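Okay, thanks for coming, everyone. I've got one structure to walk through today, so let me put it up on the screen.

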Amino acid sequence: IDNVGLNENSLHNNVVLHPNPTNGHFSIDLGAPFTEVTVWIKDVQGKLIDARHYISAQSLSLELEAPAGVYFVLIESDDELATIRLIKE
């Protein structure tokens, strides 16, 4: 098998989310500017908590208004996807 159809995902390697754990407010640094970025926050059951779309962004500031627990932040841009586990205290 020469090709399994997987694209290299450089977005995941460059994304920094901090602070983690968080009290609710957190920032995402994408490592480079992107034309369009979509961010989804989901709980551990996969329920959508929040979704946001940004135009021309490199650094994002977000607020998670949900109970303490474990969440997943999914970031999509230019056909690349990064998933980061976020803990809210």
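Let's start with a quick one: is Ser 56 buried or exposed? Have a look at the model, and keep in mind that it's a predicted one. Ser 56 comes out at 60% relative accessibility, and since the cut-off for exposed is over 50%, Ser 56 counts as exposed. You'll find Ser 56 in strand β3, which covers residues 48-63. The backbone there is worth a glance too: the phi of Ser 56 is near 50°, so to speak on the positive side, and Ser 56 is not a glycine.

Okay, stepping back to the overall layout. The protein has one helix and five strands. Going from the N terminus, the order is α-β-β-β-β-β. There are 89 residues, and buried ones make up 35% of them.

What about the inside? The largest nonpolar core has 22 residues. If you want to click on the ones with the most contacts inside that core, they're Phe 26, Ile 28, Val 39, Val 73 and Ile 75. Strands β2, β3, β4 and β5 each put in at least two residues. The largest share comes from β2, with seven residues.

Now go to Leu 64, in the loop between β3 and β4. Is Leu 64 buried or exposed? Leu 64 has 2% relative accessibility, and buried means under 20%, so Leu 64 counts as buried, loop or no loop. Put a distance on Leu 64 and Ile 41 while you're there: they're 23 residues apart in sequence, and C-alpha to C-alpha they're 8.4 Å apart in space.

Next, charges. Which residues form the negative surface patch? Those are Glu 36, Glu 76, Asp 78 and Asp 79. Glu 36 sits in strand β2, residues 25-43. Its relative accessibility is 41%, so Glu 36 counts as partly exposed. Asp 78, from that patch, is in the loop between β4, residues 69-77, and β5, residues 80-88. Asp 78 also has a positive phi, about 50°, although it isn't a glycine.

Staying with charges, a general reminder: side chains of opposite charge can pair when their charged atoms come close. How many salt bridges does the structure hold? One. It's Arg 52 with Asp 50, and the closest N and O atoms are 2.8 Å apart. Arg 52 has 34% relative accessibility, which falls between the 20% and 50% cut-offs, so Arg 52 counts as partly exposed.

Last stop, the prolines in the loop between β1 and β2. Pro 19 is in that loop, with β1 being residues 16-18. The peptide bond from His 18 to Pro 19 is cis, with omega near -10°. Pro 21 lies in the loop between β1 and β2 as well. The bond from Asn 20 to Pro 21 is cis too, and omega there is near 15°.

So, to recap the stops: a 22-residue nonpolar core with its largest share from β2, a negative patch that includes Asp 78, one salt bridge, and cis peptide bonds leading into Pro 19 and Pro 21. That's me done; over to you.

Methods
Residues are numbered from 1 along each chain as its sequence is written. This is a predicted model: local features need pLDDT of at least 70, side-chain atom pairs count only at pLDDT 80 or more; totals for chains, interfaces and linings use all residues. Side-chain values use heavy atoms; hydrogens and water are left out. Patches are made of residues with over 30% relative accessible area and no salt bridge: like charges are joined within 9 Å, nonpolar side chains (Val, Leu, Ile, Met, Phe, Trp, Tyr) within 5 Å. Accessible areas come from the Shrake-Rupley method with a 1.4 Å probe; for residues, only the protein chains shown count as cover. A salt bridge is a side-chain nitrogen of Lys or Arg within 4 Å of a carboxyl oxygen of Asp or Glu. Lys and Arg count as positive and Asp and Glu as negative; His and the chain ends are not counted. The place of a charge is taken as NZ of Lys, CZ of Arg, CG of Asp or CD of Glu. Helices (H or I, at least four residues) and strands (E, at least two) are DSSP runs, numbered from the N terminus. Buried means under 20% relative accessible area, exposed over 50%, partly exposed in between (1.4 Å probe, protein chains only). A nonpolar core is a set of buried Ala, Val, Leu, Ile, Met, Phe, Trp, Tyr and Cys residues joined through side-chain atoms within 4.5 Å.
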